Amino acid sequence: MRYISTRGQSPALPFCDILLGGLAPDGGLYLPESYPRIGPAELDTWRSLSYADLAFAILSRFIDDIPPGDLKALCDKTYRAEVYCHARAGDNPEAITPLHWLEPGRLALVELSNGPTLAFKDMAMQLLGNLFEYVLDQRGEEINILGATSGDTGSAAEYAMRGKHGVRVFMLSPHGLMSPFQRAQMYSLQDPNIYNIAVQGMFDDAQDVVKAVSNDAEFKARYKIGAVNSINWARVAAQIVYYFKAYLAATTSSDQQVAFAVPSGNFGNICAGHIARMMGLPIDRLVCATNENDVLDEFFRTGVYRPRKTAETYATSSPSMDISKASNFERFVFDLVGRDATVVRALWSKVDGGGAFDLRGTPHWDRLAEFAFVSGRSSHADRLATIRDTWSRHGVMVDTHTADGLKVAREQLADGIPMLVLETALPAKFEATIREALGRDPERPADLAHIESLPQRCEVMAADTVAIKAYLAREIEGRR
Ligand SMILES: *Cc1c(COP(=O)(O)O)cnc(C)c1O
């Protein structure tokens, strides 16, 4: 299996050659040359597989340059009940991503947030950590991951990469602006390969430093600087697995259909659902839920894709969906336009120049119905109402992002087709909004009860690219 770019001007490469990189050299995103097809008979043989075995069955269709025995060992090491240990009392932790029915046969949560940082990003990031270590060991190479975070992605990356050989993580976060819980999650890590840098400024200031460092090609090459952002293909691939797992848990035979509702930001999570559907998984509809930052909802309603300016992006109570543009969306559009890279290049020449595109009146827009997407949007008031309603009716506490998914899912319920809502974080991560909705603190997993009192370690620095580069150089070269 080789990987091609959505812009069509980069050579096709095997999996391990695109694993550690980001964008393709032509500025596009990598996708497999073709999607493997899974028929109903084969799907039925997967019903009894454990999560790790199912991950191997699916990923081995996408990865043929790691020997099967090694890939199997990586899946077994990643998808263990001890790693995904935060399931609700009563749910089966062996399932890794248990289904939690709110209305039996009709509406369920897919628990994806039982990993170390209580968000769905752990599902893919934990595999990425093990894949990185494996490939770097094989090649005798190392990588220094540089990123900026306002919370979820940074902590998921640190928990995935801690203690891995060949990998250092330098994570910039806005000093004093994360919640005490998020700060404790990241800064209490004592692994010598994890470096937290608290930048005096806002998230955007931290992000600007990362961009400035990444734009210095010489520095980047010399210090082997890389990233683990949401466009990484391996993250999307790992996310395909739980769509299959949830489908198999919700059905008894492979002629049944289900729908998925996905709280969306950068379109990575729901893009994996789209690929699962292209592989033959019987998905009736994919429901794309956004918050007030409704770039994606606007597209699915009108055909207009109009990324916002940073100043037009709202800070909401579902912050991990606060995006101005959806970085994985190009993958979906590549399929929508019949995999014609010339069309993608023309559309993104508008987007990259700060503009928008409009597919209304084109044959591509007429084909959208074949791709089974619908969408909706949720506001702060909707979020609070959904959290209250789910708590009072079902005794289940959901986080703010999952609430956005649930709100839009309820608008799209159809008779006879179970609606599976992806739970993208646990409420413990978003205490303030839970208090606002319910007048009480969220439940917190017992092993994290006192995380704020653990010793913390971080470097406080000005948002100064020169100083931060000097710090990176010093740490990477082992000078003190
Ligand atoms: C990252 C994230 C999302 C958005 O996922 P995308 O793949 O970017 O669409 C939603 N909810 C939570 C809690 C997240 O951390």
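# Notebook: the ligand site, some helices and a few buried loops

I began at the ligand, where a backbone N or O atom of Asn266 lies 2.7 Å from one of the ligand's oxygen atoms; I count a polar contact as a pair of N or O atoms within 3.5 Å, where within protein one must be able to donate a hydrogen and the other to accept it, and residues adjacent in sequence count only if both atoms are side-chain atoms. Before going on I noted that this is a predicted model, in which local features need pLDDT of at least 70 and side-chain atom pairs count only at pLDDT 80 or more, while totals for chains, interfaces and linings use all residues. Residues are numbered from 1 along each chain as its sequence is written, and side-chain values use heavy atoms, with hydrogens and water left out.

**Entry on the ligand**

I looked for other backbone atoms beside the ligand and found a backbone N or O atom of Gly265 at 2.8 Å from a ligand oxygen, and a polar backbone atom of Phe267 at 3.0 Å from a ligand oxygen. Taken alone the ligand exposes 380 Å², and the protein buries 97% of that; these accessible areas come from the Shrake-Rupley method with a 1.4 Å probe, and for residues only the protein chains shown count as cover. I then listed the surroundings: 15 residues surround the ligand, and the closest are Lys121, Asp152, Gly265, Asn266 and Asn269, where a residue is near a molecule or strand if one of its heavy atoms lies within 4 Å of it. By type, the shell divides into five nonpolar, eight polar and two charged residues; here Ala, Val, Leu, Ile, Met, Phe, Trp, Tyr, Cys and Pro count as nonpolar, Asp, Glu, Lys and Arg as charged, and the others, Gly among them, as polar.

**Entry on α5 and α3**

I turned to α5 (residues 121–139), knowing that helices here are DSSP runs (H or I, at least four residues) and strands likewise (E, at least two), numbered from the N terminus. Its 19 residues should span 27 Å at 1.5 Å a residue, and its end C-alpha atoms are 27 Å apart, which agrees; the expected span is 1.5 Å times one less than the number of residues. Since 16 of the 19 residues of α5 are buried, I wrote that α5 is largely enclosed by the rest of the structure, with buried meaning under 20% relative accessible area, exposed over 50% and partly exposed in between (1.4 Å probe, protein chains only). Just after α5, Gly140 takes a positive phi of about 60°.

Helix α3 (residues 51–59) is mostly covered as well, with eight of its nine residues buried. The buried residues of α3 pack against α4 (68–78), α5 and α10 (233–250), where contact means heavy atoms within 4.5 Å.

**Entry on α17 and His401**

Helix α17 (residues 400–411) has 12 residues and reaches 17 Å from its first C-alpha to its last, close to the 16 Å expected at 1.5 Å a residue. I found α17 mostly covered, as 10 of its 12 residues are buried, Asp404 and Leu406 among them.

His401 lies in α17 and counts as buried at 3% relative accessibility. I followed the side chain of His401 to the backbone nitrogen of Ser320, which it reaches at 3.0 Å, and to the side chain of Asp399, with which it makes a polar contact of 2.6 Å.

**Entry on Asn291**

Where does Asn291 sit? I placed Asn291 in the loop between β11 (283–290) and α12 (295–302), and Asn291 is buried, with a relative accessible area of 0%. The side chain of Asn291 has a polar atom 2.8 Å from the backbone nitrogen of Asn293, and it makes a polar contact of 3.0 Å with the side chain of Ser318. Leaving aside neighbours within four places in sequence, the contacts of Asn291 include Ser318, Met321 and Asp404, and those of His401, counted with the same exclusion, include Ser318, Met321 and Phe430.

**Entry on other loop residues**

I looked up two residues with unusual-looking signs of phi: Ile96, which is not a glycine, has a positive phi near 65°, and Ala372, also not a glycine, has a positive phi of about 65°. Ile96 lies in the loop between α4 and β4 (99–103) and counts as buried at 2% relative accessibility, while Ala372 lies in the loop between α15 (363–367) and β14 (373–377) and is buried at 11%.
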